[in-house]
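Let's walk through this fold by following one strand and its surroundings. Have the sequence and the model side by side as you read.

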Amino acid sequence: MKIAIIIGSTRPGRKGEAVARWVHDIAAKRGDAQYEIVDIADFALPHMDEPFPPMMGRYSRPHSHVWAEKIASYDGFVFVTPEYNHAPGGALKNAIDYLFAEWNHKAAAFVGYGASGGVRAVEHLRLILANCAVATVRPQVELSLFHDFAEMTHFTPGAHQEPAVGAMLDELVLWSDALKPIREAKAAV
Ligand SMILES: Cc1cc2nc3c(=O)[nH]c(=O)nc-3n(C[C@H](O)[C@H](O)[C@H](O)COP(=O)(O)O)c2cc1C
């Protein structure tokens, strides 16, 4: 089982990188899956530039193929997302929009951060990913800019947050595994 921890911000000085590394450190101790950080900044995706909707599976740009190959290699995802104007950032939405089949019949979990724990961004992501045939698990991690970041800058998660990551990953691994027969059946067609 391979799980990607996707950094949903590409902003210089972003908080997302520290949050994703913390999630990875917790996840790596579990031994129930192979957890990897995926940084969308590494893929330099331009604003959506494919001529056909991704659900047609006719990718033409080299960057689309590289991104597709990366996402196809995972069984599940943890989206680490900031909240920009009550939604996920544009870079993450764009990265999701680039693909379709590579997301299908997989599970996703969320670590949000913001003034209100990033909950509004996560709600948006649940709707977006529903259209990509992604099953989203209920437990989520909500990091407060006021309580989990010293001076609203340095990441200092509260003690209760690590168990919250554990509960979220428990469910994510179960659901990623449960959907495997569907992925295999679809791949065999
Ligand atoms: C364009 C923009 C819009 C924002 N809107 C919100 C918001 O609606 N709600 C919120 O809680 N925080 C908001 N913030 C604050 C972010 O949560 C905070 O800057 C956070 O550090 C962004 O994540 P990042 O550092 O990983 O990019 C906004 C920040 C930016 C840059």
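Start with a single pairing: Gly 76 has Ala 107 as its bridge partner in strand 4. Before going further, note that this is a predicted model, where local features need pLDDT of at least 70, side-chain atom pairs count only at pLDDT 80 or more, and totals for chains, interfaces and linings use all residues. Residues are numbered from 1 along each chain as its sequence is written. Helices (H or I, at least four residues) and strands (E, at least two) are DSSP runs, numbered from the N terminus.

Back to that pairing. Strand 3 (residues 76–82) and strand 4 run parallel, joined by seven bridges; strands count as paired if DSSP finds at least two bridges between them. Together with helix 3 (residues 90–97), strands 3 and 4 make a right-handed β-α-β unit. Right-handed here means that, with the strands pointing away from the viewer, the path from the first strand over the helix to the second runs clockwise.

Now look at what else pairs with strand 4. Strand 5 (residues 134–136) does so in the parallel sense over three bridges, with Ala 107 opposite Ala 135. Strand 4, helix 4 (residues 119–130) and strand 5 make a right-handed β-α-β unit. Strand 6 (residues 141–144) also pairs with strand 4 in the parallel sense, over four bridges, and there Gly 114 stands opposite Ser 144.

How covered is strand 4 itself? Nine of the nine residues in strand 4 (residues 106–114) are buried, meaning 20 or more other C-beta atoms, placed from the backbone, lie within 10 Å of a residue's own (exposed is 12 or fewer, partly exposed in between). In a regular strand the side chains alternate between the two faces of the sheet. Lys 106, Ala 108, Phe 110, Gly 112 and Gly 114 are buried on one side of strand 4, and Ala 107, Ala 109, Val 111 and Tyr 113 are buried on the other.
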